[in-house]
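Reader: Pick one part of this model and walk me through it closely, then work outwards from there. I'd like the cut-offs spelled out as you go, since I'll want to check them myself.

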Amino acid sequence: MATKEKETVEVEELVSKSELFIEQNSKKILLGIVALAVIVGAFFGYRHGYLMPLQEKANVAIFKGEQYFLKDSFQLALNGNGADYDGFEAIIDQYGNTNAGNLAKAYAGICYYKLGETEKALEKLKAFDPKDNMISPAIIGLIGDCYVNMDNAQEGVTYFEKAATAANNEVISPIYLKKAGFAYESLQQYDNAVKAYTTIKEKYFNSVEAADIDKYIARATALAK
């Protein structure tokens, strides 16, 4: 009994550490492509003419929010400062059909997640329309985190696997596969956990996660028996 409790605690600790790592990397990935998203949005807005003025306003409106976001001032980023910035929620309402408005949904989702408002985070993240191959896995993976935090690891693992597939690279995919493995272990689906860990070992063997993946494979294999 004590051994089983110890195993459960270990899995919970690993999931917690992994969540922190994903949050940090999701933020970096998102911020890293903001400039590209804005440029692309401006380009298409220019081509269509009528969207350009709205897109420009949205770009100006979201800039202040990005600064608050970078400083982890999530309440201000969401709801504004009562002076020269209205907040991501207001930007979504006013400019939701622009690229910046769409990006505000992702920002808002992450803010709510960091503030512990998981259901609101899930709503905003699902409303976001991923148009970039880099940002999409981060948002999909964070949706998985939301479900795990809502005690729905079965749904969460689906999104972790989707995120790994969408990324399809040695930097991001192994992170979500490892999270999938942890989630499967929490569900006592140890064979599936072994598959997730083994994929890291065989397909993403040069990744950071592959360095110590054998111990996770061994653990899940032992538990499966």
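Author: Let's begin with helix 12, residues 213–224 (helices are DSSP runs of H or I, at least four residues, and strands are E runs of at least two, numbered from the N terminus). Its 12 residues should span 16 Å at 1.5 Å a residue, and the end C-alpha atoms are indeed 16 Å apart, so the two agree. The expected span here is 1.5 Å times one less than the number of residues.

Before going on, a word on the ground rules: this is a predicted model, where local features need pLDDT of at least 70 and side-chain atom pairs count only at pLDDT 80 or more, while totals for chains, interfaces and linings use all residues. Residues are numbered from 1 along each chain as its sequence is written, and side-chain values use heavy atoms, with hydrogens and water left out.

Back to helix 12: Ile 213, Tyr 216, Ile 217, Arg 219 and Ala 220 are its buried residues (buried is under 20% relative accessible area, exposed over 50%, partly exposed in between, with a 1.4 Å probe and protein chains only). Looking down the axis, those buried residues fall within an arc of 165 degrees, so they line one face of the helix; the arc is taken from the directions from the helix axis to the C-beta atoms. On the face turned away from that buried side sit the exposed residues Lys 215 and Ala 222.

Helix 5 (residues 88–95) makes a nice companion: 6 of its 8 residues are buried, so it is largely enclosed by the rest of the structure. Phe 88, Glu 89, Ala 90, Ile 91, Ile 92 and Tyr 95 are the ones in question. Phe 88 also turns up, with Ile 62 and Tyr 197, among the residues with the most contacts inside the largest nonpolar core, which has 58 residues. Such a core is a set of buried Ala, Val, Leu, Ile, Met, Phe, Trp, Tyr and Cys residues joined through side-chain atoms within 4.5 Å. Helix 6 (residues 99–114) gives the largest share of this core, 10 residues. Setting aside residues up to four places away in sequence, Phe 88 touches several partners, including Ile 62, Phe 69, Ala 104, Tyr 107 and Cys 111 (contact means heavy atoms within 4.5 Å).

Helix 6 also holds Asn 102, which counts as buried at 7% relative accessibility. Beyond four places in sequence, Asn 102 is in contact with Tyr 95, Gly 96, Ala 127, Phe 128, Asp 129 and Lys 131.

Now for a loop. Asn 169 lies between helix 9 (153–167) and helix 10 (173–186), and at 23% relative accessibility it counts as partly exposed. Its side chain reaches the backbone nitrogen of Val 171 at 2.9 Å. Further along, Asn 169 and Tyr 204 are 35 residues apart in sequence, yet 7.8 Å apart in space, C-alpha to C-alpha. In the loop between helix 9 and helix 10 you'll also find Asn 168, whose phi is near 50 degrees, a positive value in a residue other than glycine.

Finally, confidence: pLDDT, the predictor's own score for each residue from 0 to 100, averages 83 over the protein chain, with 76% of the residues scoring at least 70. Helix 1 (residues 2–32) has the lowest mean among the elements, 50, and helix 11 (residues 190–203) the highest, 97.

Definitions and conventions. Polar contact = N/O pair within 3.5 Å; in protein donor to acceptor, adjacent residues only side chain to side chain.
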